[in-house]
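Notebook open, model loaded. I want to jot down what I look up here, one item at a time.

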Amino acid sequence: MPSLCVFGAQWGDEGKGKIIDRLSADVDFVVRYQGGANAGHTVVVGDEKYVLHLVPSGILHPGKVNLIGPGVAVDPLTLLGEIEGLRSRGVSVDPSNLHLSAGAHVIFEHHKRIDSLSERWLGEGRIGTTGRGIGPCYADKAARTGVRVCDLIDPERLALRLRPALAEKNALLERVHEAEAFDVEVEIERYAAAGAALAGFVCDTGREVRSAYREGKTILFEGAQGMLLDIDAGTYPFVTSSNTGVAGVPAGAGVAPNQIDRVIGIAKAYCTRVGEGPFPSELSGADAEWLRSAGNEFGATTGRPRRCGWFDAVAARYTLELSGADTWVMTNLDVLSGREVVPVAVRYRRGDERWTEYPASAATLDGMEVEYDELAGWQEDITGVRSWDDLPATTRAYVEGVEERVGVPIGMLSVGPDRDQVIPRSARRPALNLVGGL
Ligand code: IMP
């Protein structure tokens, strides 16, 4: 089983960190291929809780090689801080287990400042970004004014690329945003120091992963955010600036498309979204408060309260189909304990029109009503359950009901934050029972 892509099938925060951490035990390489420090992958190991923003989740397993691919937007100061933070907690991070692509683009302080300032101009149309400089960095990449890691670690090239780019951004900051400009030479020096500290980690990660694949090594491509935040497939413009699903892997990891053997989606037993944009099954009032508090739905990166709603089968069908996922993991199932009924969104409606397919445009979703099927809830605490047969009958019926409405088999359930709190359902796809019970 050489390679698999694990991606978020909703709006991010599906609990990918924990599942990827679990699957990492069975693979040789873990590769991040898109996004940046806007991600916050939470992994709980015993009493320890780790929140990883840029370092791939395989770092918590000794002996795994972790790659940050060319499609990632890397904030070098955040990355250095994260490496230090992990080391101070006894996790070994060095050039033998962490490699950074020379082709990845660099996020500078000015990207973050512009990210926040330009949101103010959008008024009602604001995206609610994480403020981590993601959009401005990818915009520079597309405009061919970006600075890559190979430039960052070469002081002359860094100065050559950053000096004119920052001069232009300073003009933008001062004249458009009426904000303070950066001292260009101070920034060059600051980032040259970061480049020097990271130089030992830098290599051609694409070549490394392609040859690992040829040698039959196992590779996990770790998605960040979720498919509904994908710049092409998501609810544009309320999206992030990268291809979050499997389509992002070839370019973002530097591999051939036929080097991705399996695709696994991750979705919660309900939905959440941070930031602005359409969310058809969103709840308000007491139900929203209940779900937010039961699921502790606050952002791992920004601490923002997440918007909460019921599971949306229309959206999940779309993202799993688009990604060619052959199975998926349902997370946070334990959070739903204590409800009399648990609604599942099955259709959208406006007037006499019905949608069973996810609409391509975010604007179509405006004012859309949702039709729900009401499934029976359960009262039992299921956090200690480890096998399918030990789950309450109503919980099993909920899982099977969702599975039927989505049309893609669920290979595993997650019933709590800890590594071990999972219920494998490998019997669903015996022929594909290849890693970590999936
Ligand atoms: P950006 O990626 O910071 O530009 O933010 C764009 C949109 O994606 C905003 O709605 C963010 O809240 C959302 N977003 C970005 N990263 C994550 C994530 O890791 N989890 C959930 N939402 C995210």
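**Sheet edge first**

I started with a strand pair and found that Ser-101 has Cys-203, in S9, as its bridge partner. Note to self: this is a predicted model. The pairing joins S9 to strand S7 (residues 98-101), in the parallel sense and over 2 bridges.

Then I asked which order the strands of the open sheet follow. I read off S9-S7-S5-S2-S10-S1-S11-S14-S18-S19, 10 strands with mixed pairing. At the edges I have strand S9 (202-203) and strand S19 (422-424), each of them paired on one side only.

**Hairpin**

Next I looked up strand S3 (residues 41-45) and strand S4 (residues 48-52), which run antiparallel and are joined by 5 bridges. I picked one position across the pair: Val-43 stands opposite Tyr-50 in S4. The hairpin leaves 2 residues between the strands, and Gly-46 takes a positive phi near 60° there.

**Odd backbone in one loop**

I checked the loop between S10 and H9 for unusual angles. Most residues other than glycine have a negative phi, and most peptide bonds are trans. Against that background I logged two entries.

- Gln-225 is not a glycine, yet its phi is positive, about 55°; I place Gln-225 in the loop between S10 and H9.
- Tyr-236 and Pro-237 are joined by a cis peptide bond, with omega about 5°; Pro-237 is also found in the loop between strand S10 (219-222) and H9.

**Ligand shell**

Which residues come nearest to the ligand? I get 16 residues around the ligand, and Asp-13, Asn-38, Thr-130, Thr-240 and Arg-304 come nearest. By type, I split the shell into 7 nonpolar, 7 polar and 2 charged residues.

I then went through some polar contacts one by one.

- A nitrogen atom of the ligand lies 3.2 Å from a polar side-chain atom of Asp-13.
- The side chain of Thr-130 has an N or O atom 2.6 Å from an oxygen atom of the ligand.
- Gly-128 takes part through its backbone: one of its polar backbone atoms is 3.3 Å from an oxygen atom of the ligand.

How much of the ligand's accessible area does the protein cover? On its own the ligand has 470 Å² of accessible area, and I find 96% of that covered by the protein.

**Second largest pocket**

Last item: I looked at the second largest pocket, which holds about 190 Å³ of space. I list 14 lining residues, with Gly-71, Tyr-138, Lys-141, Ser-242 and Asn-243 nearest the centre of the pocket. Helix H4 (134-143) and helix H9 (249-254) are the elements that give two or more residues to this lining. I sorted the lining of this pocket as well, and it comes out as 6 nonpolar, 7 polar and 1 charged.

Definitions and conventions. Residues numbered from 1 in each chain as written. Predicted model: local features only at pLDDT ≥ 70, side-chain atom pairs only at ≥ 80, totals over all residues. Heavy atoms only, no water. 1 Å grid on protein atoms, 1.4 Å probe; cavity = no way out; pocket = protein on both sides within 12 Å on 5 of 7 lines; lining within 4 Å. Points joined across faces, edges and corners; volume = space filled by probe spheres on them. Helix = DSSP H or I, 4+ residues; strand = E, 2+ residues; numbered from the N terminus. Nonpolar A, V, L, I, M, F, W, Y, C, P; charged D, E, K, R; others polar. Near = heavy atom within 4 Å. Polar contact = N/O pair within 3.5 Å; in protein donor to acceptor, adjacent residues only side chain to side chain. Areas by Shrake-Rupley, 256 points an atom, 1.4 Å probe, with all protein chains shown as cover. Pairing = 2+ DSSP bridges.
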